[in-house]
Amino acid sequence: MENNLIYIYTEELKTKKRYFKDCFYLLIAVFAMSVICPEKACAYLDPGTGSMILQVILAGIVGIGCTFKVWRDKAIHFFKRNKDGK
């Protein structure tokens, strides 16, 4: 009886894997079609969009700088603590 349960479980698992694989292929096909056959977009970028993009870039640079500063301070503290013998 156990072998049947394991067989059913593996068959169900195979069908789930196939389902996700088919969904992945469908997403790739939709993406490819959107790249190959783009529609005309009637849109514009207003000045507020440019300043928002600039803010995102600057915030990313500041965030990366702060992250490295914290890591540097932790490393210095770690090695300094071991040097003093505390």
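Is L54 buried, partly exposed or exposed? At 49% relative accessibility, L54 counts as partly exposed. The figures below take a closer look at this and other spots in what is a predicted model.

**Figure 1. The whole chain comes first, with two helices and zero strands.** Let's start with the overall picture. The protein chain has 86 residues, and 0% of them count as buried. About 8700 Å² of the chain is exposed, and 70% of that area is supplied by carbon and sulfur atoms. Keep that 0% buried in mind as you go through the close-ups.

**Figure 2. Here is a nonpolar patch on the surface, built from I53, L54, I57, L58 and I61.** Together, these five side chains have about 480 Å² of accessible area. L54, our opening residue, belongs to this patch and sits in helix α2. Its 49% falls just where the label needs it: partly exposed covers the range between buried, under 20%, and exposed, over 50%.

**Figure 3. K69 and D73 reach each other in a salt bridge.** Side chains of opposite charge can pair when their charged atoms come close. Here the N to O distance is 3.1 Å. Why can these two meet along the helix? K69 and D73 are four residues apart in helix α2, which runs over residues 47-84, so about one helical turn separates them. Neither partner is hidden away: K69 is partly exposed at 45% relative accessibility, and D73 is partly exposed too, with a relative accessible area of 32%.

**Figure 4. D73 has another partner, R72.** In this salt bridge the closest N and O atoms are 3.4 Å apart. R72 counts as partly exposed, at 48% relative accessibility. Put this view together with the previous one and you get a network of salt bridges linking K69, R72 and D73. How many salt bridges does the structure hold? The count is two.

**Figure 5. F68 and W71 make an edge-to-face pair of rings.** The structure holds three aromatic pairs, and this is one of them. The ring centres of F68 and W71 are 5.6 Å apart. Their planes meet at 80°, so the pair gets the edge-to-face label. Both residues lie in helix α2, three residues apart, which is about one turn of the helix. Are they buried or exposed? F68 is exposed, and so is W71.

**Figure 6. F24 and Y25 give us a tilted pair.** This is another of the three aromatic pairs. The two ring centres sit 6.2 Å apart. With the planes at 50°, the pair counts as tilted.

**Figure 7. Two cysteines, C23 and C66, get a view of their own.** C23 is partly exposed, with a relative accessible area of 29%. C66 is partly exposed as well, and its relative accessible area is 46%. How many disulfides does the model have? The count comes to zero. To be counted, a pair of cysteine sulfur atoms would have to lie within 2.5 Å.

Methods:
Residues are numbered from 1 along each chain as its sequence is written. Side-chain values use heavy atoms; hydrogens and water are left out. A salt bridge is a side-chain nitrogen of Lys or Arg within 4 Å of a carboxyl oxygen of Asp or Glu. Buried means under 20% relative accessible area, exposed over 50%, partly exposed in between (1.4 Å probe, protein chains only). Rings of Phe, Tyr and Trp (its six-membered ring) pair if their centres lie within 6.5 Å; planes under 30 degrees apart count as stacked, over 60 as edge-to-face and the rest as tilted. Patches are made of residues with over 30% relative accessible area and no salt bridge: like charges are joined within 9 Å, nonpolar side chains (Val, Leu, Ile, Met, Phe, Trp, Tyr) within 5 Å. Accessible areas come from the Shrake-Rupley method with a 1.4 Å probe; for residues, only the protein chains shown count as cover.
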